[in-house]
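Subject: Handing over a structure, with notes

Dear colleague,

I am passing this structure on to you, and I would be grateful if you could look through it alongside the notes below.

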Amino acid sequence: MLHRVLHVAPALDAEARGAFLYLALSVPFVVLSLSLRAILEAAQRFDLVNLIRTPSGAVVFVVPAVALCLAAACH
């Protein structure tokens, strides 16, 4: 898929494979969290939904910022 569909350059092959590995590892966690959130919403437990959404929303911005800082420190 990396070469036929996305036309990734051979020089970036290892990095692209790593990115796809991380993506594949994250899919089950995303599906599970969305399913559990749907169960809580169906039970009308919006208080718990908001307790979960607030930290997870912050993580969406914090993790890339930390990764950027780490990547900048490595180069």
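The notes that follow go through the helix pair, the pocket and then some single residues.

Please keep in mind throughout that this is a predicted model, and that the values given here were computed from it.

I would begin with the two helices, α1, which covers residues 13-42, and α2, which covers residues 46-74. Two packed helices are generally described by the angle between their axes and the distance between those axes. For this pair, the axes come within 8 Å and cross at roughly 150°, and since an angle over 145 degrees counts as roughly antiparallel, α1 is described as roughly antiparallel to α2. On the side of α1, the contact is made by Arg 37, Leu 40 and Glu 41, while α2 brings Phe 46, Leu 48, Val 49, Ile 52 and Arg 53 to it. Sorted by character, the residues of this contact comprise five that are nonpolar and three that are charged, with no polar residue among them.

The pocket comes next, and it involves some of those residues again. The largest pocket has a volume of about 310 Å³, and the elements that give two or more residues to its lining are α1 and α2. Of these, α2 gives the most, with seven residues. The lining includes Ser 33, Leu 34, Leu 36, Arg 37 and Leu 40, and also Val 49, Ile 52, Arg 53, Ser 56, Gly 57, Val 59 and Val 60. Seven of the lining residues are nonpolar, three are polar and two are charged. If you compare the two lists, you will find that Arg 37, for instance, takes part in the contact of α1 with α2 and also lines the largest pocket.

Turning to the start of the chain, which residues does Val 8 touch, once those up to four places away in sequence are set aside? They are Leu 2, His 3, Asp 13 and Ala 16. Val 8 itself is placed in the segment before α1, and with a relative accessible area of 17% it is buried, because the limit for that class is under 20%. Asp 13, which belongs to helix α1, also counts as buried, at 19% relative accessibility. When its neighbours within four places in sequence are left aside, Asp 13 is in contact with Leu 2, His 3 and Val 8, so that Leu 2 and His 3 appear in the contacts of Val 8 and of Asp 13 alike.

Two residues deserve a look for their backbone. His 7, in the segment before α1, has a positive phi of about 55° although it is not a glycine, and at 61% relative accessibility His 7 counts as exposed. Gln 44, which sits in the loop between α1 and α2, likewise has a positive phi of about 55° without being a glycine, and Gln 44 counts as exposed at 62% relative accessibility.

Finally, there is a proline to note within helix α2, namely Pro 55. Pro 55 is partly exposed, with a relative accessible area of 44%. Measuring from C-alpha to C-alpha in the model, Pro 55 and Ala 19 are 24 Å apart in space, and they are 36 residues apart in sequence.

With best wishes

Methods: Residues are numbered from 1 along each chain as its sequence is written. This is a predicted model: local features need pLDDT of at least 70, side-chain atom pairs count only at pLDDT 80 or more; totals for chains, interfaces and linings use all residues. Side-chain values use heavy atoms; hydrogens and water are left out. Helices (H or I, at least four residues) and strands (E, at least two) are DSSP runs, numbered from the N terminus. Buried means under 20% relative accessible area, exposed over 50%, partly exposed in between (1.4 Å probe, protein chains only). Contact means heavy atoms within 4.5 Å. Axes are lines fitted to C-alpha atoms, for helices over the stretch in contact, and angles run from 0 to 180 degrees between N-to-C directions. Angles under 35 degrees count as roughly parallel, over 145 as roughly antiparallel, 65 to 115 as roughly perpendicular and the rest as oblique. Ala, Val, Leu, Ile, Met, Phe, Trp, Tyr, Cys and Pro count as nonpolar, Asp, Glu, Lys and Arg as charged, and the others, Gly among them, as polar. On a 1 Å grid over the protein atoms alone, a cavity is a set of points where a 1.4 Å probe fits but cannot get out, and a pocket is an open set with protein on both sides within 12 Å along at least five of seven lines; lining residues have an atom within 4 Å of a point. Grid points are joined across faces, edges and corners, and a volume is the space filled by probe spheres set on the points.
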